[in-house]
Amino acid sequence: MSSNEFADLLVSGGSVGTSGIPEALATLESKIAAGTASVGVIGLGYVGLPLARLFARAGFSVTGFDIDPEKVASLNGGTSYIGTVSTDEVRGMLEEGRFTATANFQSLADMDAIVICVPTPLTRNREPDMSCIEVTTRQIAQVLRPGQLIVLESTTYPGTTREVVRPILEKTGLVSGTDFLLAFSPEREDPGNETFTTARIPKIVGGEDPNALRIACSMYGRALERVIPVSSLEAAEAVKLTENIFRCVNIALVNELKVVYDAMGIDVWEVIEGAKTKPFGYMPFYPGPGLGGHCIPIDPFYLTWKAREFDVATRFIELAGEINTRMPHYVVERLSQAMDSKLGRALRGSRILVLGVAYKKNIEDMRESPALKIIDLLQDRGCEVFYYDPHVPELPETRRLARMAGTPSVALEEIRDGAFDAAILCTDHDSFDLKAFLDGLPLIVDTRNAFGKAGIVDEKIVKG
């Protein structure tokens with residue numbers, strides 16, 4: 001059955017026959033349709049935990065798997081550690097008996113469906129680091145049994161599910177499509193987005209064969225409002241990359257325009273506001289201090305790497321990555337120039353405050369935040385660096401923050417008391433007291449136009 005035919009059935013409310021399907025897979029399909037299937041979610045982070053919550057709400061018995069014993073203990077104790085899933089929601093799942101967390105991966109044998117939500121970072125050479133997917137798949141292979149559905153959600157290059165995951169699983173002697181089913185469904189989480197929560201974001205699903213597609217769509221269809229089947233695993237993998245590359249390229253464009261227009265004395269934010277009044281042919285994107293989050297700074301390079309296998313150059317994507325990567329350098333240089341011209345002092349030896357270290361507003365997520373690179377650059381320039389972020393009370397240990405791991409956020413009173421020489425606003429949290437910043441700081445480089453959007457104009461403010 002083609003994905004278009006299945007899509008028609010979804011719209012019409014029809015059913016899909018199961019004649020000829022192996023008995024173990026037919027049993028799996030029946031359990032999913034009845035809502036009695038057990039679902040395992042591997043990786044309880046910003047993707048896995050919200051997904052586990054949805055499956056539990058849909059009536060499935062859900063087990064969350066994670067290698068971090070602190071996460072497991074926190075969830076089993078009824079406490080959430082990410083803002084997109086509340087502690088009350090975790091307690092509710094536990095009380096209903098629909099969720100438990102574990103670090104014992106042998107329990108994967110008891111799962112009817114297993115969803116992989118593990119990180120896919122880059123190596124130092126900007127090549128895909130598939131280690132998490134490979135290790136996780138090997139753990140599944142140790143207990144793989146007939147009648148299981150395996151779904152990869154981690155963002156990756158086209159071909160990963162078929163070329164990396166399937167061979168590891170089939171080393172067990174079990175065969176995809178006959179003994180177990182294999183699908184790919186890219187995560188589309190947007191932390192902090194209250195309009196498009198996990199349940200409301202349409203779900204792309206690609207299966208290795210018609211049975212895998214149908215059964216995976218059935219599982220997701222019980223938990224999400226809309227499921228969209230595509231023709232293959234590779235098409236589903238490519239959908240996610242295309243979405244993120246689209247944003248990466250357009251953000252790079254406005255970041256480059258920011259630099260050009262600044263040299264001309266033109267406010268890029270005013271230009272964008274004017275351009276977006278056109279009712280067709282234009283979509284607004286906004287500049288910033290660089291790219292953050294797990295997806296946009298990383299995922300495009302998965303495609304550029306894979307493209308080399310086909311002897312195809314991806315110059316446009318790589319150029320966009322270069323432009324966005326240089327933005328933290330541009331922001332620090334803007335601060336240096338502004339301090340020299342407005343305050344008559346150098347960066348070296350100055351006390352610099354970074355306002356907001358999360359990668360986007362109103363969340364605590366710091367993954368790939370450009371603020372981290374800015375902190376590094378400021379320290380390299382001889383600055384004493386501090387930060388203020390009510391969403392991040394203490395800086396965790398990361399590969400970028402070895403020098404500041406464990407540092408607490410300063411208090412707002414310290415800002416009001418004039419304890420700092422200048423600041424860079426990296427994240428425009430809604431809770432920020434912009435007036436307090438303006439009163440207590442001699443100079444602010446605003447990378448998000450937070451003051452402009454609030455209608456605040458002052459000589460202390462430099463757009464970055």
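# Chat about a two-domain predicted model

Me: Where does helix α9 lie, and at what angle to β7?
Reply: Helix α9 (residues 233–264) lies across β6 (180–184), β7 (203–207) and β8, and runs at about 150 degrees to β7. Helices (H or I, at least four residues) and strands (E, at least two) are DSSP runs, numbered from the N terminus. Axes are lines fitted to C-alpha atoms, for helices over the stretch in contact, and angles run from 0 to 180 degrees between N-to-C directions. Contact means heavy atoms within 4.5 Å.

Me: Anything I should know about the model itself?
Reply: It's a predicted model, where local features need pLDDT of at least 70 and side-chain atom pairs count only at pLDDT 80 or more, while totals for chains, interfaces and linings use all residues. Residues are numbered from 1 along each chain as its sequence is written, and side-chain values use heavy atoms, with hydrogens and water left out.

Me: OK, what's the strand order in the sheet with 8 strands?
Reply: That open sheet goes β3-β2-β1-β4-β5-β6-β7-β8, with mixed pairing; two strands pair if DSSP finds at least two bridges between them. At the edges are β3 (99–102) and β8 (227–230), each pairing on one side only. On average, neighbouring strands of this sheet are turned by 25 degrees against each other, direction ignored.

Me: How many bridges join β4 to β5?
Reply: Strand β4 (residues 113–116) and strand β5 (residues 148–152) run parallel and are joined by 4 bridges. A113 has L149 in β5 as its bridge partner.

Me: And the sheet of 5 strands, what's its order?
Reply: It's an open sheet with the order β10-β9-β11-β12-β13 and parallel pairing. β10 (384–388) and β13 (461–463) stand at the edges with a single partner strand each, so one side of each has no neighbour in the sheet. Neighbouring strands of this sheet are also turned by 25 degrees against each other on average, direction ignored.

Me: Which helix packs on it?
Reply: Helix α13 (residues 370–380) does, touching β9 (351–355), β10 and β11. The direction of α13 makes about 175 degrees with that of β9.

Me: What stands opposite L425 in β12?
Reply: D446 does. Strands β11 (residues 422–425) and β12 (residues 444–446) run parallel, with 3 bridges joining them.

Me: Switching topic: how is the protein divided into domains?
Reply: There's domain 1 (3–8 + 19–231) and domain 2 (251–463), with bounds that come from an automatic or database domain assignment. Their C-alpha centres lie 34 Å apart. The contact takes 21 residues from domain 1 and 18 residues from domain 2.

Me: Where does the second largest pocket lie?
Reply: Both domain 1 and domain 2 give residues to its lining, so the pocket lies between them. On a 1 Å grid over the protein atoms alone, a pocket is an open set with protein on both sides within 12 Å along at least five of seven lines, a cavity is a set of points where a 1.4 Å probe fits but cannot get out, and lining residues have an atom within 4 Å of a point.

Me: Which residues are nearest the centre of that pocket?
Reply: G83, T84, G192, N193 and T197, out of 20 lining residues. Helix α3 (residues 48–57) gives the most to the lining of the second largest pocket, with 3 residues.

Me: And which residues line the largest cavity?
Reply: V47, L51, E153, P186, E187, R188, E189, T198, I201, P202, K203 and L224.
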